[in-house]
Amino acid sequence: MTAALELNQIVGRHGQLQAIKGMTLRIDKGEVAAIIGANGAGKTTLMRMIAGLHPCAEGSIALFGSDVTAMPAHGRLKAGIALSPEGRRLFGDMTVQENLMIAAENGRRGDWNLASVCDAFSQITPLLARPAGGLSGGQRQAVAIARALIANPDVLLLDEVSLGLSPVAVDGVYQSLETLRGAMTMIVVEQDLTRAMKFASRVICMAEGVLELDGAPKNLTRAQITDAYFGIHKTADTAAGGAAHA
Ligand code: ATP
């Protein structure tokens, strides 16, 4: 398998605080990985480090084998990493179409353009002329993901996909994301464990800046995941026992 991303012992700081404490992680091309973990686990910092929006204090990040550790965010976007950030961060005074076109201009050329992102996220089409500031949470999320997509990334990073959305809006967003499976490597930060386990082929659980658990949902029990989520360390015996009783 080709590695899309290789994080090697990366450290991310906020002042004196080490938010990411030497994480090593490989994500293969085409993988759909969900990152889960409690508040403050470091998920957003990790996503921002991969996107080049937060400095990597130690360690290295490689994209398809090329070191991008020192590359700024706009360079990483051109290299093929796009982030749909927590809080969506759209330009509220600009229309949806303008938000998308700015991203298209700063991204790469490819199959994703205004027409194709509107096909994938059909709820966007009637909103194109509306100011982004007036959209509902679900609409904002769809536009934020489309904005990342229109940059034609190889690696799509989606922070807090379902946070603050109604169940119906979450369903709509995941239906659209489902159509991207196989077309690109995706890493989603998802608070909803059930959703994460259903959507992702790999679940990565973080606690306090370290990787606690990493595996295919079918090989992990709910108990293992919730323990890792809250940073409860188990012995190999009890973890195996949990798996046997799944
Ligand atoms: P959440 O689900 O709450 O967004 P998270 O898993 O995404 O949490 P981060 O936001 O990456 O976690 O935060 C990791 C740690 O870094 C936390 O202890 C947090 O308080 C701290 N932190 C995050 N952003 C900053 C900041 N701008 N300044 C100082 N500390 C920060």
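This report describes the overall fold of a predicted model and the surroundings of its ligand.

**Overall architecture**

The secondary structure of the chain comprises nine helices and ten strands. A compact globule of 246 residues would have a radius of gyration near 18 Å, and the chain agrees with this because its own value is 18 Å. The C-alpha trace spans about 60 × 40 × 35 Å along its principal axes. Of the 246 residues, 50% count as buried. The accessible surface of the chain comes to about 11,100 Å², and carbon and sulfur atoms account for 54% of that area. Among contacts between residues at least 6 apart in sequence, 69% join residues at least 24 apart.

**The ligand shell**

The ligand is surrounded by 14 residues. The closest of these are Gly-40, Gly-42, Lys-43, Thr-44 and Thr-45. By character, the shell divides into four nonpolar, seven polar and three charged residues. Two elements, β2 (17–28) and α1 (43–51), each supply at least two residues of this shell. The largest share comes from α1, which contributes three residues.

Side-chain polar atoms of three residues, listed below, lie at the following distances from an oxygen atom of the ligand.

| Residue | Side-chain atom | Distance to a ligand oxygen atom |
|---|---|---|
| Lys-43 | N or O atom | 2.8 Å |
| Glu-86 | N or O atom | 3.4 Å |
| Gln-191 | polar atom | 3.4 Å |

Taken alone, the ligand exposes 630 Å², and the protein buries 59% of that area.

**Helix α1**

Helix α1 deserves a separate account, since the shell draws its largest share of residues, three, from this element. Seven of the nine residues of α1 are buried, so the helix is largely enclosed by the rest of the structure. The buried set consists of Lys-43, Thr-45, Leu-46, Met-47, Met-49, Ile-50 and Ala-51. Two members of that set, Lys-43 and Thr-45, are also among the residues closest to the ligand. Lys-43 is thus described in three ways: it is buried, it is listed among the closest residues of the shell, and its side chain places an N or O atom 2.8 Å from an oxygen atom of the ligand. After α1 comes Gly-52, whose phi is positive, near 85°.

Conventions
Residues are numbered from 1 along each chain as its sequence is written. This is a predicted model: local features need pLDDT of at least 70, side-chain atom pairs count only at pLDDT 80 or more; totals for chains, interfaces and linings use all residues. Side-chain values use heavy atoms; hydrogens and water are left out. A residue is near a molecule or strand if one of its heavy atoms lies within 4 Å of it. A polar contact is a pair of N or O atoms within 3.5 Å; within protein, one must be able to donate a hydrogen and the other to accept it, and residues adjacent in sequence count only if both atoms are side-chain atoms. Accessible areas come from the Shrake-Rupley method with a 1.4 Å probe; for residues, only the protein chains shown count as cover. Helices (H or I, at least four residues) and strands (E, at least two) are DSSP runs, numbered from the N terminus. Ala, Val, Leu, Ile, Met, Phe, Trp, Tyr, Cys and Pro count as nonpolar, Asp, Glu, Lys and Arg as charged, and the others, Gly among them, as polar. The radius of gyration is taken over C-alpha atoms; the globule rule is 2.2 Å times the number of residues to the power 0.38. Buried means under 20% relative accessible area, exposed over 50%, partly exposed in between (1.4 Å probe, protein chains only). Contact means heavy atoms within 4.5 Å.
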